[in-house]
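Please open the structure in the viewer and keep a selection tool at hand. The tour proceeds stop by stop, naming at each one what to select and what is to be found there.

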Amino acid sequence: MNRKTMYLKIILSSLIRRRSRMMVALLAVAIGATVFLGMGSVYYDIPRQMGREFRSYGANMILAPSGTDAAMRLEDARRAERLVAEAKLVGATPFRYETMYYNMQGLTVVGTDMVAVRKTSPYWRIQGDWPVEADQILLGTDIAENARLYAGTSITLECIPAGGKKFKKEFKVSGIVRSGGPEDSFVLMPLKTLESLMGKPSMVSVVEMSIAASSEELALLAERIQAEVPGVSPRPVKRIMNSEAAVLAKLQVLVYLVTVIVLFLTMICVGTTMMTVVMERRKEIGLKKAIGAENKSVIGEFLGEGMVLAAIGGLLGVGTGYFFAQAVSISVFGRGVSPPLFLVAFTLVASLVVTVLASLLPAARATDVEPSLVLRGE
Amino acid sequence: MKNILELNSVSMIYGPVKALHDVTLNVREGEWVAIMGSSGSGKTTMMNIVGCMNKATHGTVFLDGEKISRLNAKDLTAIRRDKIGLIFQQFHVISYLTAVENVMIAQYYHSMADEQEALEALERVGLGHRARHLPRQLSGGEQQRLCIARALINHPKLILADEPTGNLDEANQEIVMDIFHQLHGQGSTIVVVTHSPDVASHAQRVVRLEFGRMVREEQPVERHVA
């Protein structure tokens, strides 16, 4: 029998025939690996998961006319949109700003896509209904309060378009919008309706885009749009980007800290168990040394036991860690997560490193055992 | 016959206690020597020095012509491994290894584990049929025979036994002493530390220790054969 086979026989026999004691250490490694893989999966998936969540904050990229132009062609904005990967584009909404009058008072009237805007501005609160007919509008909450208007009433707007004929048209207020932003002072109507009244079809003032991407990806995308679509000036919304980045960073630090603490606790648990094992096995260690085991053999056997524990515990942890990651991700984000393969390998390596580190001190203690003292029963 | 073991003016001092005082002893190759004495006489101290588990405070010790009294711990481990077969009063075995594996582990630390040779060693001590049993499945006498098989497996220059029958009943004591006789007949050098006159009576020479001093050397009392 070669030395490797005998070595394996010694450490496996020790683990198998003394399994009740080693079960504690095995459990600690398995729990550590479970949490490591689970939290690690969440850590790496947070940007993707939160990217979608963050889109409820609103648009994070504005397409504006380049130079001093007041408007841009909608077709140019659509070209810019097509540069965004379909999976990452949550929504893109065109806006056209005009001025109209109600009772001689100037109001900002915004024409937009009433379906798309719900994706880019999901935080808008509508009292009443979204417009579905060409003559239906949304009133900003400030205007509605000042004019004492509410959903279901009518409002007559008038305007003289540049180079056009003065018109006066009655609209039905389908709902009151509250956004906490400038929309509270706007009148919002379907883009087609505004175009039919003001002329200049297919021209828009801005397009708001909501993209599930990191700040770095947005910056790269902006550069690409700038270079490839003349007439459009892309502007990432720094306020949104920065707050997203800050929240992401804090979440990741939190997950990181929890993972580190769990690994540390695992190390303490494994180390304590191994130290107890060394104390319990002082006679056995003394006997081994008495019959000729060198210190490196004693250390090697303890580390070997630790490594087998780490391998078994790590594999168990990878299995349970997958389900733990699913449970955490579904309960927090409402979506599942698949641990990346490299993280599985990293979990096994981390289990090994933590267990070996935890076993180093007990193994070193084992070498202090004097065979003569132990064999005399002291 | 050359001396396999030489102790020259060996003393061992633990703090204020002089456990061994100026002991000089030679053991020739193939000789069977018993070291006798009551509790506290220095028997175990002498056993630990000869067994390379402790170093003498004063004096020199030669084993197989090699001066071992000033070797470091690593070299003493090598001497224990290569030249000494240790047998203890308490049946020190590794609980999670089978009988044959307990023998093989001594081979493993020495050089290479050879299962066949280990099985033959167990056969020699009458444990061939118990080779795959764990120590807890063996009786005290069987465990002691297992320790003897383990002590012999690396063909030591010196078999050093500390009260080898101290925990055995009469029947098992006879079995163990028979094994020692066989070993001695095959040319093994045996040093037995004991307080039992009966065990000592098997030896060719008896050395008496009292209060750490070697007081006399005598021929064993002739054994009464029933």
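What follows is a sequence of selections, from whole chains to single residues. The coordinates belong to a predicted model.

**Stop 1: chain A as a whole**

Select chain A and display it as a cartoon. The selection holds 12 helices and 12 strands. With a radius of gyration of 34 Å, well over the 21 Å that the globule rule gives for 378 residues, chain A is more spread out than a compact globule. Aligning the view with the principal axes shows the C-alpha atoms of chain A filling a box of roughly 115 × 45 × 25 Å.

Colouring by burial is a useful next step. In chain A, 39% of the 378 residues count as buried. A contact map of chain A, restricted to pairs at least 6 apart in sequence, has 83% of its contacts between residues at least 24 apart.

**Stop 2: the helix pair α10 and α11 of chain A**

Select residues 295-333 of chain A, which form helix α10, together with residues 341-367, which form helix α11. At what angle do the axes of these two helices cross? The crossing angle is roughly 150°, and the axes come within 7 Å. Angles over 145 degrees count as roughly antiparallel, and α10(A) is therefore roughly antiparallel to α11(A). The handedness of this crossing is right-handed.

Now colour the contact between α10(A) and α11(A) by residue class. It comprises 15 nonpolar and 11 polar residues, with no charged residues.

**Stop 3: one residue on α11 of chain A**

Remain on helix α11 of chain A and select A:L360, which is located there. Is A:L360 buried or partly exposed? It counts as partly exposed, because 16 C-beta neighbours lie inside 10 Å, whereas a buried residue would need 20 or more. Add A:Y256 to the selection and draw a C-alpha to C-alpha distance: A:L360 and A:Y256 are 25 Å apart in space and 104 residues apart in sequence.

**Stop 4: two loops of chain A with positive phi**

Go next to the loop between α5 (141-147) and β7 (154-159) of chain A, and select A:R148. Its phi is near 55°, a positive value in a residue other than glycine. A:R148 is exposed, because it has 7 other C-beta atoms within 10 Å and the limit for an exposed residue is 12 or fewer.

Then move to the loop between α6 (191-198) and β10 (203-204) of chain A, where A:K200 lies. A:K200 is not a glycine either, and its phi is positive, at about 50°. Here 15 C-beta neighbours fall inside 10 Å, so A:K200 counts as partly exposed.

**Stop 5: chain B as a whole**

Hide chain A and select chain B. The cartoon shows 7 helices and 10 strands. The radius of gyration of chain B is 17 Å, close to the 17 Å given by the globule rule for 226 residues, so chain B is as compact as a globular protein of that length. Its C-alpha trace spans about 45 × 45 × 35 Å along the principal axes.

Under the burial colouring, 51% of the 226 residues in chain B appear as buried. Among contacts in chain B between residues at least 6 apart in sequence, 67% join residues at least 24 apart.

**Stop 6: the helix pair α3 and α5 of chain B**

Select α3(B) and helix α5, residues 140-152, of chain B. The two axes come within 8 Å and cross at roughly 30°. Since angles under 35 degrees count as roughly parallel, α3(B) and α5(B) are roughly parallel to each other. The crossing of α3(B) past α5(B) is right-handed.

Which residues of α3(B) should be shown as sticks at this contact? They are B:A99, B:N102, B:V103 and B:A106, and they meet B:L146, B:A149 and B:R150 in α5(B). By class, this contact divides into 5 nonpolar residues, 1 polar and 1 charged.

**Stop 7: where the two chains meet**

Finally, show chain A again and select the residues at the interface. The selection should contain 27 residues of chain B in contact with 24 residues of chain A. On the side of chain B that touches chain A, α1 (43-50), α2 (73-83) and α3 (99-110) of chain B each supply at least two residues. The largest share of that side, 7 residues, comes from α3(B). Coloured by class, the side of chain B that touches chain A shows 13 nonpolar, 7 polar and 7 charged residues.

Notes
Residues numbered from 1 in each chain as written. Chains lettered and ligands numbered in written order. Predicted model: local features only at pLDDT ≥ 70, side-chain atom pairs only at ≥ 80, totals over all residues. Contact = placed C-beta atoms within 7 Å. Helix = DSSP H or I, 4+ residues; strand = E, 2+ residues; numbered from the N terminus. Nonpolar A, V, L, I, M, F, W, Y, C, P; charged D, E, K, R; others polar. Axes fitted to C-alpha atoms, helices over the stretch in contact; angles between N-to-C directions. Parallel < 35°, antiparallel > 145°, perpendicular 65-115°, else oblique. Left-handed = near helix turned anticlockwise from the far one by under 90°. Rg over C-alpha atoms; globule rule 2.2 N^0.38 Å.
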